[in-house]
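User: Please take a close look at the charged side chains in this model. Which of them pair up, and where do they sit?

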Amino acid sequence: MTVHNLYLFDRNGVCLHYSEWHRKKQAGIPKEEEYKLMYGMLFSIRSFVSKMSPLDMKDGFLAFQTSRYKLHYYETPTGIKVVMNTDLGVGPIRDVLHHIYSALYVELVVKNPLCPLGQTVQSELFRCRLDSYVRSLPFFSARAG
Amino acid sequence: MADVVLFEFLHAEMVAELGARDTDPGPGGQKRSLSVLEGTGFRVGQALGERLPRETFREELDVLKFLCRDLWVAVFQKQMDGLCTNHQGTYILQDNSFPLLIPMALGLQYLEDAPKFLAFTCGLLRGTLRTLGFQSLVTSSVATLPACKFQVEIRKS
């Protein structure tokens, strides 16, 4: 099992944070372009899902998977989006994505008056804690899967 | 009691508002803006010194211990980590993880901005001491976040 990478977007599509652990194939475009592409796709999926759903939804879009990876999506009512790519063996990880939002983003970015909101996060403490939290996840290791 | 986070956010806004005033052309801009924060803390500390439950103090050290235990618990939900003195009216109060600095950094990032976030608390200590009958001078220092020290000098009148 593996965690490939993680994106954090705000409600306007600004990429607040990006980290990468196991990513064998790079996009081949500049990172800035990749963030826009990623956000554009997520935005489209959101509207697609809400139009296609035959019933009223509570949570909306949760995840998708391809032959090689799975994309997990979590959105808060304030529009913060936590997006994590893992391999296919990983089940639902809503609690993990929520933890990244509530215990890391809120605690170390929102509660840090020196971190401007709506911009790329500069706090080293946030990056460091996020990295160690993701590395501690039971499905992080590349060897186990 | 109100949620801790209310005080934290209000404090951050006070610092942002008063810290921004240092662009004023007046003499000693930054120092003056911090003294407003310190003055606010002083008033709050005076009231807390009056309000917090306590027994009568026998000597100066008891008062400082009261600051480290009761006052700190009331304001920051924890006790001070260390108290040193030279027995000549100077005390060092040490907090190894000062709550207002915890979310900022672990290390040296944001070190330049840290002093602004201690001015209110310096006033808090000075105000409480004032209510309990001591004139004092309180200064603070940060070497690495989130640890900080408050130096209290008791003025003999």
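Analyst: The charged side chains come after a short outline of chain A.

This is a predicted model, in which local features need pLDDT of at least 70, side-chain atom pairs count only at pLDDT 80 or more, and totals for chains, interfaces and linings use all residues. Residues are numbered from 1 along each chain as written, chains are lettered from A and ligands numbered from 1 in written order, and side-chain values use heavy atoms, without hydrogens and water.

Chain A has three helices and five strands. Their order is β-β-α-β-β-β-α-α. Helices here are DSSP runs of H or I with at least four residues, strands runs of E with at least two, numbered from the N terminus. Of its 145 residues, 43% are buried. Buried means under 20% relative accessible area, exposed over 50%, and partly exposed in between, with a 1.4 Å probe and protein chains only.

Now the charges. Lys and Arg count as positive, Asp and Glu as negative; His and the chain ends are left out. Chain A carries 18 positive and 13 negative charges, and their mean positions lie 3 Å apart. Each charge is placed at NZ of Lys, CZ of Arg, CG of Asp or CD of Glu.

Over all chains, the structure holds 12 salt bridges. Such a bridge needs a side-chain nitrogen of Lys or Arg within 4 Å of a carboxyl oxygen of Asp or Glu. One of them joins R46(A) and E75(A), at 2.9 Å from N to O. This pair links distant parts of the chain: R46(A) lies in helix α1 (residues 31–52), E75(A) in strand β4 (residues 70–75), 29 residues apart. R46(A) is partly exposed at 33% relative accessible area. E75(A) is also partly exposed, at 26%.

D131(A) and R135(A) form another bridge, again 2.9 Å from N to O. Both belong to helix α3 (residues 124–136); they are four residues apart, so about one helical turn separates them. D131(A) is partly exposed at 26%, and R135(A) at 47%. Shared partners also join E20(A), R23(A), K31(A) and E34(A) into one salt-bridge network.

D87(A) has no such partner. This residue sits in the loop between β5 (81–86) and α2 (94–110). D87(A) is buried yet has no salt bridge, and the nearest side chain of opposite charge, R68(A), is 8.8 Å away. Leaving aside residues up to four places away in sequence, D87(A) touches M1(A), T2(A), H4(A), R68(A), Y69(A) and K70(A). Touching means contact, with heavy atoms within 4.5 Å.
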